[in-house]
Structure formats: structure tokens, C-alpha cells
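Grab a pencil and work through these short exercises with the structure in view. Each task comes with a solution you can follow step by step.

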Amino acid sequence: EPLFRSVKKTFQLGLEDVALKGGTLFRFPLRNLWCSRHSLISIKEVAHNKIEHLLDEFADNVTDLLLFLNSLTSIKLTVIDTEGRPKKVFSVQADLDDLARHHRKSVTDKIASCKSHDTNDISLLSVTYEMRITKEKSCLPRSQYNWLVHQRIGKENTARVFSDGREQA
């Protein structure tokens, strides 16, 4: 948070009230017409309506992200209106009990520990847990989804040895 204080002041758009709490701040539009004409990096403009379209698509699919991104438990989109006030567009929150959090972390840790392993050398880790995802989008009623999540990484040692010494995986 202290690192971003000076960045927030630069925009002077009411961002002092936006608490990141370990989150990430993105500023859109990334490239307006003036910037695209004067940039040495890219001449492509990303207009306001394009950003709105991308964010709408993101909002429609954001619930699925929490199922697959083990390090995230919430996503919130806030825009600054024309008067400089923050306005929540949508939020999703994954509610997990302690055991579910432990299972998600064990999968993440297993993936991190297997980066340099051959695929056939990764021992099996299989976990199942429940997750409730709550989604709130402006102008729509709040919705909740209950999921039974199963994550599996690695391979079972299923080699069978026949009486004549042949091995079958």
C-alpha cells in the first residue's frame, strides 16, 4: 500500500478511498487516442467503449476464475465515475473453510515443487472440497453458487507385472 500512495495521488481520481489490501490496481484506459498518436511503443488506441466491453466480458466469466486460480479468493471491479467517486461494478468472493483452504494450498505447493520434474515422476495428489462463490453485479440480484471442486495432479503408480515378467502401465 505505501508503494502505491504516490501513484494514486498522480491520478487524483478519488483513489485515496480505494483500499488494495494486498490487491492489484489497474488504471484504464491504458491507451487513448492522444497517447496512441504520440507513443513510441504502440499506435493502437484502446477506446473507452472497448475497455467497457472487455470488462463486461470479464464480469460475465469472473466466477469461473475463482474455481481455477488457487491463489485468489476475491475479485472486485471498481470504476471511478465522472465526479471522481468510486463505484463498485461487480465483485466475486469464494468462501472456503479451513480444510478447503488447506487443500487449495497443497495443490499450489505441489505444482510449485514439481516444476523441474518429469511428468511421469510426479506422484499423485488428489483433493476434493466445497466452495461457495458469491457474485454481486450492479443492477443485478446477488447470486451464490455452490461447487464441489476436485483437483488432481500427478500420476498413480499403476504398473502391473505379469507372471512372465512383462510390465504394463
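**Exercise 1.** Find how many salt bridges the whole structure holds, then work out which parts lysine 137 and aspartate 60 tie together.

*Solution.* Keep in mind that this is a predicted model. Searching all of it turns up 5 salt bridges. One of them joins lysine 137 to aspartate 60, with their closest N and O atoms 3.2 Å apart. Now place the partners: lysine 137 sits in strand S3 and aspartate 60 in helix H3, so this pair links parts 77 residues apart in sequence.

**Exercise 2.** Look at aspartate 98 and arginine 101, and decide whether each is buried, partly exposed or exposed.

*Solution.* Start with the bridge itself: the closest N and O atoms of aspartate 98 and arginine 101 are 2.7 Å apart. Both belong to helix H4, and being 3 residues apart there puts about one helical turn between them. Next, check accessibility. Exposed means over 50%, so aspartate 98, at 59%, counts as exposed. Arginine 101 has 43%, which makes it partly exposed.

**Exercise 3.** Track down which elements give two or more residues to the largest nonpolar core.

*Solution.* This core has 20 residues, and those touching the most other members are Leu66, Ile75, Phe90, Tyr129, Met131 and Ile133. The elements you want are helices H3 and H4 plus strands S1, S2 and S3. H3 supplies the largest share, 6 residues. Finally, zoom in on isoleucine 75: leaving out residues up to four places away in sequence, its contacts include Phe58, Val62, Leu66 and Phe90.

How values were computed:
Residues numbered from 1 in each chain as written. Predicted model: local features only at pLDDT ≥ 70, side-chain atom pairs only at ≥ 80, totals over all residues. Heavy atoms only, no water. Core = buried A, V, L, I, M, F, W, Y, C linked by side-chain atoms within 4.5 Å. Buried < 20%, exposed > 50% of the residue type's maximum accessible area, 1.4 Å probe, protein only. Helix = DSSP H or I, 4+ residues; strand = E, 2+ residues; numbered from the N terminus. Contact = heavy atoms within 4.5 Å. Salt bridge = Lys/Arg side-chain N within 4 Å of Asp/Glu carboxyl O.
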